[in-house]
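Please find below some notes for a colleague who has not yet looked at this structure. They are meant to be read beside the model.

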Amino acid sequence: MTPGDTMAESLADYEQLAATALSRSVHDFVAGGSGAETTLRRNRAALEALTLTPRVLAGVDEPDTSTTLLGTELTMPVAVAPMAYQRLVHQDGELLLAQAAAEAGIPYVISTLSSYPLEKIAAIAPSWFQLYWLRDRGLVESLVERAATSGCRALMVTVDVPVMGRRLRDVRNSFTLPPSVVAANLVDMATEAHSEVPGLSAVATHTASAFDPTLSWRDLAWLRARCPLPLLVKGILDPRDASRAVAAGADGLVVSNHGGRQFDGAPASIDALGPIVDAVGDDCTVLLDSGVRSGTDVVKALALGASAVLVGRPLLWALAVEAADEALGLLRHELRDAMLLAGCADLTAVTELTTGRTPWQISG
């Protein structure tokens, strides 16, 4: 297979292509959700059940997919979601995916648990930095300073991981990081994540020792006071939490259930989106994360009030077969086609589409 020429016809195709390039344990680490993976499945079911009523006779030839988000111009309302340890799927990991994002004209969100240092990634692409709340408050402050100094344009704090959700695929595989894959932004890069314990996820063991489960609204206020960048709060599903985050100074929210990897039983992110948009109005930017797999999904999220979406797993699958640039190009092509078919000349027109649920979901 020639890199970047996979003959994929949709983003969903990349998982099957990547299956031949990855070990079973790594595939499961990327694909898996928590518990019985109910929320993981619900994300896709809810997006598929959502309908849009297209407009006709719109006279559209070439829809404008561009937008501006937190002061950054984007070619489409998409950012690369923060994802840990990308060297698991490709030796160049975050560097290659960041390059694809730069070429596509969209932001790349650097994970606290990236397998290359944040400075090296930020030098490649317009970047935001995703922060996990660590027990070491000094390290938290250092990461915020490093993100600002390296040119990151926003900080995204993830608030739905007091502990890592119990991901049974990783438990069954006794999943462990190989020596070549480390949390490059942390002080002690060789961690419990590299020590195999039968019947346990070594990555979960590491996060339990590194992450602070007592993260509270007081800590968010502390972070807001020290963060010189636009601040987004990721992991919001309840409108009450959305309003409180905005009151605490958040510039943006990410409606997210962590791709079904945290609380199994949480609502689909797309189902939580509308009420949150209604709660915060125009007070902040609202993004959607979890389950986005196509340009049509992007249009659905925008029609319900999101300003943009984060895309995760499909880009890791594409990265595994050196086709991240191809995948982002395909996504933009799908978005363009979806807008044309819905009769939308630009993203403002998308927000005027009528949304609903398929009859079987309404009656069920």
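The points below take up the cores, two buried residues, two helices and the empty spaces in turn.

1. Status of the model. This is a predicted model, and the remarks that follow should be read with that in mind.

2. The nonpolar cores. The largest nonpolar core has 115 residues, and those that touch the most other members are Tyr 14, Leu 131, Leu 253, Ile 270 and Leu 273. Helix α14, residues 324-342, is the element that gives the most to this core, with nine residues. There is also a second, separate core of 13 residues, with Val 109, Met 156, Ala 308 and Leu 310 among them.

3. Leu 253. Beyond its neighbours within four places in sequence, Leu 253 is in contact with a long list of residues, including Val 233, Ile 236, Ala 242, Ala 245 and Val 246. Further along the chain, its contacts include Ile 276, Val 280, Cys 284, Thr 285, Val 286 and Leu 287.

4. Leu 232. This residue belongs to strand β8, which runs over residues 231-236. Its relative accessible area is 0%, so Leu 232 is buried, the cut-off being under 20%. Among the residues in contact with Leu 232, neighbours within four places aside, are Leu 70, Ala 154, Leu 155, Met 156 and Val 157; Gly 252, Val 254 and Leu 287 are also in contact with Leu 232. Gln 130 is 102 residues away from Leu 232 in sequence, yet their C-alpha atoms are 9.0 Å apart.

5. Asp 289. Is this residue of strand β10 (residues 285-289) buried or exposed? Its relative accessibility is 7%, and because buried means under 20%, Asp 289 counts as buried. The side chain of Asp 289 makes polar contacts with two side chains: that of Ser 256 at 2.6 Å and that of Ser 290 at 3.1 Å. Leaving out residues up to four places away in sequence, Asp 289 also touches others, including Ala 81, Lys 234, His 258, Ser 269 and Leu 310.

6. Helix α3. The helix covers residues 38-49, and its twelve residues at 1.5 Å each should span 16 Å; the end C-alpha atoms are 16 Å apart, so the model agrees with the expected span. Its buried residues are Thr 39, Leu 40, Asn 43, Ala 46, Leu 47 and Ala 49. An α-helix has 3.6 residues a turn, so residues three or four places apart point the same way.

7. Helix α12. Of the nine residues in this helix (residues 295-303), eight are buried. Asp 297 and Lys 300 are among the buried residues, as are Val 298, Val 299 and Leu 302. At the start of α12, a side-chain oxygen of Ser 294 comes within 3.4 Å of the backbone nitrogen of Thr 296. Just after the helix, Gly 305 has a positive phi of about 115 degrees.

8. The largest pocket. Its volume is about 360 Å³. The lining has 19 residues, and Val 159, Leu 215, Trp 217, Ile 236 and Asp 241 are the closest to the centre. Strand β8 gives the largest share of this lining, three residues; α9 (217-226) is also one of the elements that give two or more.

9. The cavity. How many cavities of 30 Å³ or more does a search of the whole structure find? The search finds one, and the volume of the largest cavity is about 530 Å³. Its lining has 35 residues, with Pro 82, Met 83, Ala 84, His 258 and Arg 261 nearest the centre. At least two lining residues come from each of α2 (24-31), α8 (202-210), β11 (308-311) and α13 (313-320).

Note on methods:
Residues numbered from 1 in each chain as written. Predicted model: local features only at pLDDT ≥ 70, side-chain atom pairs only at ≥ 80, totals over all residues. Heavy atoms only, no water. Helix = DSSP H or I, 4+ residues; strand = E, 2+ residues; numbered from the N terminus. Expected span 1.5 Å × (residues − 1). Buried < 20%, exposed > 50% of the residue type's maximum accessible area, 1.4 Å probe, protein only. Polar contact = N/O pair within 3.5 Å; in protein donor to acceptor, adjacent residues only side chain to side chain. Contact = heavy atoms within 4.5 Å. Core = buried A, V, L, I, M, F, W, Y, C linked by side-chain atoms within 4.5 Å. 1 Å grid on protein atoms, 1.4 Å probe; cavity = no way out; pocket = protein on both sides within 12 Å on 5 of 7 lines; lining within 4 Å. Points joined across faces, edges and corners; volume = space filled by probe spheres on them.
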